[in-house]
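Hi,

Here is the structure I promised to pass on. Have a look at it first, and then read my notes below.

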Amino acid sequence: VGSCFLSAVIRIRTSRIRKFLRSDLEKDFDGNISQYNFGMILKETVLNLGPTFIKVGQSLSTRPDIIGSDISKALSELHDQIPPFPRSIAMKIIEEELGSPVESFFSFISEEPVAAASFGQVYRGSTLDGSIVAVKVQRPNLRHVVVRDIYILRIGLGLLQKIAKRKSDLRLYADELGKGLVGELDYTLEAANASEFQESHSPFPFIHVPKVFRYLSRKRVLTMEWMVGESPTDLISLSTGSSVDGSSTHLDRQKLDAKWRLLDLVNKGVEATLVQLLETGILHADPHPGNLRYTSSGQIGFLDFGLLCRMERKHQFAMLASIVHIVNGDWQSLVHSLTEMDVVRPGTNTLRVTMDLEDALGEVEFKDGIPDVKFSRVLGKIWSIALKYHFRMPPYYTLVLRSLASLEGLAIAGDPHFKTFEAAYPFVIQKLLTENSVATRKILHSVVFNKKKEFQWQRLSLFLRVGATRKGLQQVIAPKTETTLDYLPNRVGVFDAANLVLRLLRTNNGVVLRRLLMTADGASLIRAFVSKEASFFRHELCRVIADALYQWMCEALGRGIPVTRSSQLRVAGGSDNRELEPSSGLSATIYDYQSFLKDRRLKVIFSKILDPVRRDPVLMLRLCWAAFVMLVKASALACQRMLVSLSEAYLGPVLAPKRFAISASNS
């Protein structure tokens with residue numbers, strides 16, 4: 001061990017001497033890659049030292065906050081460059097562990113391993129009943145090697161402690177590392193981890209975990225279901241391939257398909273990370289791209305369950321809050337959440353941390369309520385502040401940040417404009433709008449209320465605008481007996497907010513929104529409703545009222561009237577000229593407006609909101625005027641749609657009126 005590290009030091013010193021002798025221009029160029037070269041030398045050194053040091057190198061590759069991004073990039077190659085051991089030794093280990101010849105359990109095992117890792121390698125095989133399996137075999141004499149190397153690390157860290165005159169016992173790091181590595185040596189624990197991960201994430205059908213064959217698994221042999229799927233590396237290669245013959249059209253189609261699959265993998269990877277973080281609290285401890293697969297059914301598959309990271313519930317809510325605070329630019333609350341996550345050490349000057357976070361992240365631009373910036377850039381700024389103030393980095397925090405940054409890096413091959421925040425934030429909003437717990441309500445209140453409990457309409461509008469893009473939220477608010485909503489937009493920022501609010505209010509999942517309205521100050525809520533900032537919401541509400549009026553007209557005149565959605569009504573006047581179309585989410589055939597009007601819970605909420613308004617005549621007058629204008633616009637649209645329907649019923653579609661125009665002041 002000493003000779004390997006001595007050789008590495010000599011190589012590093014030699015490279016520095018060469019750099020000193022070069023010209024200034026060459027020095028500047030070499031300075032940009034010197035850290036990466038250092039990482040490459042370190043990578044070759046740990047490869048020569050064997051499994052334990054390779055595992056240490058792989059762990060260090062996940063901590064750019066400690067070793068820097070260039071060295072981390074070089075060490076990350078350790079995941080793909082592990083040399084295999086001979087097949088004959090692997091077969092002997094299988095026989096020793098299972099207690100019988102290989103042929104009595106497997107009808108086929110591949111000649112060469114399909115993958116080689118620091119602690120074992122994987123073969124493709126087939127059981128006697130025809131099941132295709134992955135057989136993971138541990139490297140020979142591994143326990144002795146690991147224990148010996150951990151002992152050597154303890155000696156080295158003890159010497160380093162004396163030389164550096166550190167008070168803390170550095171050997172404890174070796175003990176903690178040894179405990180984790182020795183745990184990975186027992187494949188029965190990995191089998192239990194895989195089963196636990198599978199059981200915890202079974203409610204999420206887009207996540208696939210291979211089944212464990214317990215009767216073919218022992219301490220040094222693990223047999224699991226063979227997962228058929230494409231790795232991220234395969235998808236990147238396909239999406240960036242170049243044509244070498246005349247079949248350029250076919251190749252372009254393949255590249256587009258590969259890009260689509262890669263982006264779907266990344267989006268599901270981001271959601272899977274958030275599910276682990278915010279729902280189950282059980283995180284895959286090694287989420288690098290080599291452990292991910294994209295299946296033919298569109299699922300994201302996970303491999304390698306040697307270690308799992310488990311989160312406390314309070315840390316889950318603190319992490320949820322921190323994501324919301326970053327998006328809202330609430331740096332003081334972000335520091336408070338980081339403290340709750342045990343990231344900020346006790347005694348740290350939180351005011352200075354808040355100011356540094358604001359300086360580092362305050363310049364981030366927003367697009368439709370979401371930071372228009374790469375997650376890796378935000379992560380880099382957080383790392384720099386973490387180093388400055390000696391933040392703790394809990395394992396789950398590092399894993400989540402690394403996983404999201406890795407997924408964003410994969411997505412760049414398919415879409416250079418991919419933003420992790422844009423993919424992740426709708427999931428966060430769905431959780432806050434549908435989970436009725438004290439912690440989530442507290443986070444939601446911090447978003448939509450100021451310290452005086454006054455309603456902040458702009459924040460809620462952005463919140464709803466992003467939330468409406470979430471397909472999961474669409475499924476929550478649409479009962480199975482109803483037609484699927486079709487208002488889901490192609491981009492964030494265009495949506496039917498009124499539909500989302502009204503539908504969610506009546507469902508069981510709307511208890512959070514109902515509590516929110518009951519908590520709000522009624523006067524401030526109405527002032528926000530009649531303000532200019534809420535004009536888009538009043539516009540959407542007009543469409544909903546028009547839908548209800550049109551449905552009532554159709555019922556009053558009989559069922560022979562065909563429902564139409566093709567007509568449009570232009571509202572002219574004021575500075576905001578828009579097309580007032582039929583509500584895209586509430587069709588006359590799927591929305592029951594009568595049950596909405598009869599809902600006692602909503603009557604109580606509206607009565608509570610209007611109570612303080614009755615004591616303010618000016619505000620009441622503004623509300624009545626806004627309601628009158630909305631009713632006039634909605635009635636005009638409903639009548640126009642009815643005329644179109646009658647024309648199509650009795651005169652034919654050719655003679656049907658296409659568009660009417662009215663002039664009205666903005667509500």
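**Salt bridges, strands and a cavity**

Glu 435 has a relative accessibility of 18%, so it counts as buried. Keep in mind as you read that this is a predicted model.

Which residue does the side chain of Glu 435 meet in a salt bridge? It is Arg 313, at 3.5 Å from N to O. Unlike its buried partner, Arg 313 is partly exposed, because its relative accessible area is 38%. The two come from distant parts of the chain, 122 residues apart: Arg 313 belongs to helix 12, while Glu 435 is in the loop between helix 17 and helix 18 (438–448). The pair is also part of something wider, as salt bridges with shared partners join Glu 279, Arg 313, Lys 431 and Glu 435 into one network.

The full count is 18 salt bridges, and two others are worth finding on your screen. Asp 264 bridges to Lys 268, with the closest N and O atoms 3.1 Å apart. Both residues sit in helix 11, four residues apart, or about one turn of the helix, and both are buried. Then try Asp 149 and Arg 148, whose side chains meet in a salt bridge at 3.1 Å, N to O. Asp 149 counts as buried because its relative accessibility is 2%, whereas Arg 148, at 39% relative accessible area, is partly exposed.

Now for the strands. Strand 3 (residues 120–127) is mostly covered, with six of its eight residues buried. Here is how strand 3 pairs up:

- Strand 1 (residues 106–109) runs antiparallel to strand 3, and three bridges join them. Phe 108 has Ser 126 in strand 3 as its bridge partner.
- Strand 2 (residues 115–116) pairs with strand 3 in the antiparallel sense over two bridges. The two form a hairpin with three residues between them, and Ala 116 has Gln 121 as its bridge partner.
- Strand 4 (residues 132–138) also pairs with strand 3 in the antiparallel sense, over seven bridges. Arg 124 stands opposite Ala 134 in strand 4. This hairpin has four residues between the strands, and Gly 130 takes a positive phi near 95° there.

Elsewhere, three strands form an open sheet in the order 5-9-8, with mixed pairing. Strand 5 (207–208) and strand 8 (292–294) are at the edges with a single partner strand each, so one side of each has no neighbour in the sheet. Strand 5 pairs with strand 9 (residues 300–302) in the parallel sense over two bridges, and Gly 301 in strand 9 is the bridge partner of His 208.

What about empty space inside? There are five cavities of 30 Å³ or more, and the largest has a volume of about 230 Å³. That largest cavity is lined by 19 residues, and the closest to its centre are Met 319, Ile 323, Ile 326, Phe 375 and Leu 401. Several helices give two or more residues to the lining, among them helix 12 (313–328), helix 15 (375–388) and helix 16 (395–411).

Finally, the outside. Tyr 151, Ile 155, Leu 159 and Ile 163 form a nonpolar patch on the surface, and together they have about 470 Å² of accessible area. Is Ile 163, in particular, buried or exposed? With a relative accessibility of 70%, Ile 163 counts as exposed. You can find Ile 163 in helix 7 (residues 142–164).

Cheers

Definitions and conventions: Residues are numbered from 1 along each chain as its sequence is written. This is a predicted model: local features need pLDDT of at least 70, side-chain atom pairs count only at pLDDT 80 or more; totals for chains, interfaces and linings use all residues. Side-chain values use heavy atoms; hydrogens and water are left out. Patches are made of residues with over 30% relative accessible area and no salt bridge: like charges are joined within 9 Å, nonpolar side chains (Val, Leu, Ile, Met, Phe, Trp, Tyr) within 5 Å. Accessible areas come from the Shrake-Rupley method with a 1.4 Å probe; for residues, only the protein chains shown count as cover. A salt bridge is a side-chain nitrogen of Lys or Arg within 4 Å of a carboxyl oxygen of Asp or Glu. Buried means under 20% relative accessible area, exposed over 50%, partly exposed in between (1.4 Å probe, protein chains only). Two strands pair if DSSP finds at least two bridges between them. On a 1 Å grid over the protein atoms alone, a cavity is a set of points where a 1.4 Å probe fits but cannot get out, and a pocket is an open set with protein on both sides within 12 Å along at least five of seven lines; lining residues have an atom within 4 Å of a point. Grid points are joined across faces, edges and corners, and a volume is the space filled by probe spheres set on the points.
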